Structures are given as structure tokens and as C-alpha cells.
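Visitor: I should like to learn how to read the features of a structure such as this one. May we begin with the aromatic rings?

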Amino acid sequence: MNLPFEEKSIEENNSFILVERTFNKKLDDKELVWHRDKEDRDIILKEGEDWYIQMDNELPVLMSNDNVYKIPSYTWHRIINKNRTKLIIEVKKYKWILKKY
């Protein structure tokens, strides 16, 4: 499967995996599809202008630098590029930890 971004690992521990994703400014809107992920995620915009994040049944929200956008597991969402600029985000993917009682 071709993904619309390049990804590099930043940090991994028992709680989460932190990656940096870079989206090319020449992406076609068809490549930025509605999707959902199996783990909770935090998204932080590091570079890019006029990029929006949209959650299921909500209006798109303009992303701003260093804000944290929380995406619960299995929630439909997408990103939208209004002005054809490069995007760099950090994605923190939380791991499920089984607790013993």
C-alpha cells in the first residue's frame, strides 16, 4: 500500500511510538482519504500552512503549530490541504497495555 507521506521514527517506549510524517505539497486530494486507526493518537503540527483536520461528523479545523489534536481509536478522520503546502506532523501512537489485576 502506498502511503501519502514519508515517516521516520523519533522515539519508542512502553507507552507510545512517536513518528514524524512529511506530506509532499503536490499531493492529490484523493490521496488524503477518510480513515481510522486502531490506537489513540495525538497529532502535532510542526510545519505547514492551511492544513485542516476533520473528525467524523465535525467541520474541518485549521491546524496550528504545537497544538495537540487528539484522535481516539477507531474514529474516522482525515486531513485536508487547502493551499498545497508541505506538511510535517508528529504522530504519537499510544500502545495498549494489558494490566494484571
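Guide: Certainly. Please note that this is a predicted model. Ring pairs join Phe5, Phe23 and Trp51 into a cluster.

Visitor: How many aromatic pairs does a search of the whole structure find?

Guide: The search finds 3 aromatic pairs. One of them is formed by Phe16 and Tyr94, whose arrangement is edge-to-face, with 6.4 Å centre to centre and 65° between the planes. This pair links distant parts of the chain, since Phe16 belongs to strand β2 and Tyr94 to strand β8 (residues 87-94), 78 residues apart.

Visitor: Are Phe16 and Tyr94 buried or exposed?

Guide: The general idea is to compare the relative accessible area with a cut-off: a residue under 20% is called buried, and one over 50% exposed. Phe16 has a relative accessible area of 13% and is therefore buried. Tyr94, at 28%, is partly exposed.

Visitor: Why is the pair of Phe23 and Trp51 described as tilted?

Guide: The angle between the planes decides the name: under 30 degrees is stacked, over 60 is edge-to-face, and the rest are tilted. The planes of Phe23 and Trp51 stand at 50°, so the pair is tilted; the ring centres are 6.1 Å apart. Here too distant parts of the chain are linked, with Phe23 in strand β2 and Trp51 in strand β4 (residues 51-55), 28 residues apart. Both Phe23 and Trp51 are buried.

Visitor: Which lysine lies over the face of Phe16?

Guide: A ring may also have a charge over its face. Lys92 lies over the face of Phe16, at 4.3 Å from the ring centre. Lys82 is placed over the face of Tyr52, at 5.5 Å from the ring centre.

Visitor: What joins β2 to β8, and in which sense do they run?

Guide: Strand pairing is read from bridges. There are 8 bridges between β2 and β8, which run antiparallel, and Thr22 stands opposite Ile88 in β8. β8 also pairs with β3, in the antiparallel sense, over 6 bridges; there Ile44 stands opposite Glu90 in β8. β8 is mostly covered, with 6 of its 8 residues buried.

Visitor: Finally, how should a residue in a loop be read? Where is the place of Asp37?

Guide: One considers its position, its burial and its contacts in turn. Asp37 is in the loop between β2 (16-23) and β3 (41-47). Its relative accessible area is 14%, so Asp37 counts as buried. Apart from neighbours within four places in sequence, Asp37 is in contact with Ser73, Tyr74 and His77.

Definitions and conventions:
Residues numbered from 1 in each chain as written. Predicted model: local features only at pLDDT ≥ 70, side-chain atom pairs only at ≥ 80, totals over all residues. Heavy atoms only, no water. Helix = DSSP H or I, 4+ residues; strand = E, 2+ residues; numbered from the N terminus. Buried < 20%, exposed > 50% of the residue type's maximum accessible area, 1.4 Å probe, protein only. Contact = heavy atoms within 4.5 Å. Phe/Tyr/Trp six-rings, centres within 6.5 Å; stacked < 30°, edge-to-face > 60°. Lys NZ or Arg CZ within 6 Å of the ring centre and 35° of its normal. Pairing = 2+ DSSP bridges.
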